[in-house]
Amino acid sequence: MQLQIYAPDLSAQDKQALNNGTGCLVKNPIVFSYGDTPVEHTVLAVGDMIRLGDRTLRVAGLIDGPITINNDGFINGVQLIVNDEIYCSLPGDDSYSEIYPTLQDGVDTDAFENWLGNWCRGCPGTHWLFWLQSSNEIAESFKQIKMLCQVLILFIDIIGILNIINTVYSSLPFLFRQLRKLR
């Protein structure tokens with residue numbers, strides 16, 4: 001279950017509270033200040049009771065990492081993780097703004113990508129990001145950067161070799177003059 005991924009050290013009682021809708025997980029906002037003046041913000045602790053819609057929930061655990069994609073910077077406000085029933089009751093429908101499917105080993109990823117692409121086309125404004133594809137694109141980018149660095153190193157090596165040849169070639173007349181003097 002995704003709730004237990006965010007807070008794996010929860011007691012059995014807290015896990016049950018998350019599952020039955022009497023508990024939630026909280027990501028507190030990042031503390032920041034302007035000069036010497038701290039900006040006021042809400043900070044919740046484990047055991048605090050909060051009201052969410054018509055429900056009262058107990059904070060079962062705190063999470064350190066961001067909840068949503070691209071949300072590892074400034075967080076203006078408390079973020080909550082609740083079960084599906086509570087989430088669906090808040091906006092009044094069962095549509096999600098973000099989902100995180102996890103595929104098991106051996107699953108046909110092409111079939112899943114096709115299904116997800118069709119589903120997104122049926123829901124205007126939705127998009128998806130396939131982590132395996134992103135990982136492959138990043139690996140390809142690193143290969144290209146590595147190749148460019150190798151070309152740059154080769155170019156610098158060629159300049160160095162030409163400098164050595166130039167130094168030796170420029171020194172030969174002087175060396176020959178010194179040898180004539182020694183005879």
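The accessible surface of the chain comes to about 14100 Å². Carbon and sulfur atoms make up 59% of that area. These values come from a predicted model.

**Overall layout**

The chain has 183 residues, and 20% of them count as buried. It contains five helices and six strands. Read from the N terminus, the order is α-α-β-β-β-β-β-β-α-α-α. In other words, two helices come ahead of the six strands, and three helices follow them.

How do contacts spread along the sequence? Take the contacts with a separation of 6 or more. Of these, 55% join residues that are 24 or more positions apart.

**The nonpolar cores**

In soluble globular proteins, nonpolar side chains tend to be buried together. Which residues form the largest nonpolar core here? There are nine: Cys24, Val26, Leu44, Ile50, Leu52, Leu57, Val59, Val82 and Ile86. Three strands each supply at least two residues of this core. They are strand 1 (23-27), strand 4 (49-52) and strand 5 (55-62).

Leu44 is a good member to look up in the structure. Leaving aside residues up to four places away in sequence, Leu44 touches Val26, Asn28, Ile50, Val59, Leu62 and Val78. Val26, Ile50 and Val59 also belong to the largest core.

A second core is separate and has seven residues. Among them are Leu10, Leu18, Ala60 and Ile63.

**The salt bridges**

How many salt bridges does the chain have? The count comes to two. The table gives the closest N to O distance for each.

| Acidic residue | Basic residue | N to O distance |
|---|---|---|
| Asp14 | Arg58 | 2.1 Å |
| Glu85 | Arg55 | 3.0 Å |

Start with Asp14 and Arg58. Asp14 lies in helix 2 (residues 12-20) and Arg58 in strand 5, so the pair ties together parts that are 44 residues apart in sequence. Is Asp14 buried or exposed? Asp14 is buried, because its relative accessible area is 11% and the cut-off for buried is under 20%. Arg58 has a relative accessibility of 23%, so Arg58 counts as partly exposed.

Now take Glu85 and Arg55. Glu85 sits in helix 3 (residues 84-89), while Arg55 sits in strand 5. This pair links distant parts of the chain, 30 residues apart. Glu85 is partly exposed, with 49% relative accessibility. Arg55 is partly exposed too, at 23%.

Strand 5 therefore turns up in both pairs: Arg58 meets helix 2 through Asp14, and Arg55 meets helix 3 through Glu85. Strand 5 also supplies at least two residues of the largest core.

Definitions and conventions:
Residues are numbered from 1 along each chain as its sequence is written. This is a predicted model: local features need pLDDT of at least 70, side-chain atom pairs count only at pLDDT 80 or more; totals for chains, interfaces and linings use all residues. Side-chain values use heavy atoms; hydrogens and water are left out. Helices (H or I, at least four residues) and strands (E, at least two) are DSSP runs, numbered from the N terminus. Buried means under 20% relative accessible area, exposed over 50%, partly exposed in between (1.4 Å probe, protein chains only). Contact means heavy atoms within 4.5 Å. Accessible areas come from the Shrake-Rupley method with a 1.4 Å probe; for residues, only the protein chains shown count as cover. A nonpolar core is a set of buried Ala, Val, Leu, Ile, Met, Phe, Trp, Tyr and Cys residues joined through side-chain atoms within 4.5 Å. A salt bridge is a side-chain nitrogen of Lys or Arg within 4 Å of a carboxyl oxygen of Asp or Glu.
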